[in-house]
Amino acid sequence: MTASALGRLSVLRHVTSYTAVQLAGTIVVTRTLGYRIPVLPLLAGTALNSGTHLIIDRREPLLWLARKVGKTGYIEHCTAARVDAEDGTVSAEISGPGTALMELDQALHRAIGVAAALVITWFATRTDAGHRSAQ
């Protein structure tokens, strides 16, 4: 298996498990609070959130977006120093904890989470999907 294929498989596993937990949590919390979110709006918001999560976590689309909005200087400047445990060499890493790319990743995830919540709310309150509830 190539590194790229392993990366795709790893991000797919991550997004799948994250989405499942997030979806279950959403249903539990909203039902606990006395709400039943209709199935179609819930699935639309979940699809938006998980699809974009998959794209963002592959990094290349996020780097492309950073180039388009002029944030590559920030990414290249705010790196993390990594020390190799074997030989003590130090290298700069642009991705991972402590880097600008990670901060942009998290900010974009939060913004899309808000957008997904708005999609669910809008769709649930403005369509006939409001007559079907999540199981």
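Start by selecting Arg59. Leaving aside neighbours within four places in sequence, Arg59 is in contact with Ser95, Leu101, Met102 and Asp105. Keep in mind as you go that you are looking at a predicted model. Arg59 lies in the loop between α2 and α3, the latter covering 60-68. Is Arg59 buried or exposed? Its relative accessibility is 18%, and because buried means under 20%, Arg59 counts as buried. Look at its backbone as well: phi of Arg59 is near 75°, a positive value in a residue other than glycine.

**Next stop: α3 against α5**

Now show helix α3 together with helix α5. Their axes come within 11 Å and cross at roughly 95°, which means that α3 is roughly perpendicular to α5. To see where the two meet, select Leu62, Leu63 and Leu65 in α3, then Leu101, Leu104, Asp105 and Leu108 in α5. What classes of residue make up this contact? There are six nonpolar residues, no polar ones and one charged residue. You have already come across Leu101 and Asp105, since both are in contact with Arg59.

**Next stop: α2 against α5**

Keep α5 (residues 100-126) on screen and add α2 (residues 39-57). This pair packs at an angle of about 165°, with the axes 8 Å apart. That makes α2 roughly antiparallel to α5, and their crossing is right-handed.

To light up the contact, pick these two groups:

- On the α2 side, select Leu40, Pro41, Leu42, Ala44, Gly45, Leu48, Asn49, Thr52, His53, Ile56 and Asp57.
- On the α5 side, select Asp105, Leu108, His109, Ile112, Gly113, Ala115, Ala116, Val119, Ile120, Phe123 and Ala124.

Try colouring them by class: the residues of this contact divide into 14 nonpolar, six polar and two charged.

Now zoom in on His109, which sits in helix α5. Which residues does His109 touch, leaving aside its neighbours within four places in sequence? Select His53, Ile56 and Asp57 to see them. With a relative accessible area of 14%, His109 is buried.

**Next stop: α1 against α2**

Leave α2 displayed and bring in α1 (residues 3-32). Here the packing angle is about 150°, and the axes are 10 Å apart. How do the two helices run relative to each other? α1 is roughly antiparallel to α2, and α1 passes α2 in a right-handed crossing.

Again, there are two groups to select:

- From α1, take Val11, Leu12, His14, Val15, Tyr18, Thr19, Gln22, Leu23, Thr26 and Ile27.
- From α2, take Leu42, Thr46, Asn49, Ser50, His53, Leu54 and Asp57.

By class, the contact of α1 with α2 has eight nonpolar, eight polar and one charged residues. Among the α2 residues here are His53 and Asp57, which you met as contacts of His109.

**Next stop: the hairpin**

Move on to the strands. Select β1 (residues 80-83) and β2 (residues 90-93). The two strands run antiparallel, and four bridges join them. Which residue in β2 stands opposite Ala81? Select Ala92 to find out, as this is the residue opposite Ala81. Then do the same with Val83, which stands opposite Val90 in β2. While the side chains are showing, here is a general point to remember: in a regular strand, side chains alternate between the two faces of the sheet.

Between the strands of this hairpin there are six residues. Click on Gly88 in the hairpin, where phi is positive, near 80°.

**Last stop: Gly96**

Finish in the loop between β2 and α5, where you will find Gly96. At 11% relative accessibility, Gly96 counts as buried. Not counting residues up to four places away in sequence, Gly96 touches Arg82 and Met102. Met102 may look familiar, as Met102 is also one of the contacts of Arg59.

For a final exercise, use the distance tool on the C-alpha atoms of Gly96 and Leu118. How many residues apart along the chain are they? They are 22 residues apart, and their C-alpha atoms are separated by 29 Å.

Terms used. Residues numbered from 1 in each chain as written. Predicted model: local features only at pLDDT ≥ 70, side-chain atom pairs only at ≥ 80, totals over all residues. Heavy atoms only, no water. Axes fitted to C-alpha atoms, helices over the stretch in contact; angles between N-to-C directions. Parallel < 35°, antiparallel > 145°, perpendicular 65-115°, else oblique. Left-handed = near helix turned anticlockwise from the far one by under 90°. Contact = heavy atoms within 4.5 Å. Nonpolar A, V, L, I, M, F, W, Y, C, P; charged D, E, K, R; others polar. Pairing = 2+ DSSP bridges. Buried < 20%, exposed > 50% of the residue type's maximum accessible area, 1.4 Å probe, protein only.
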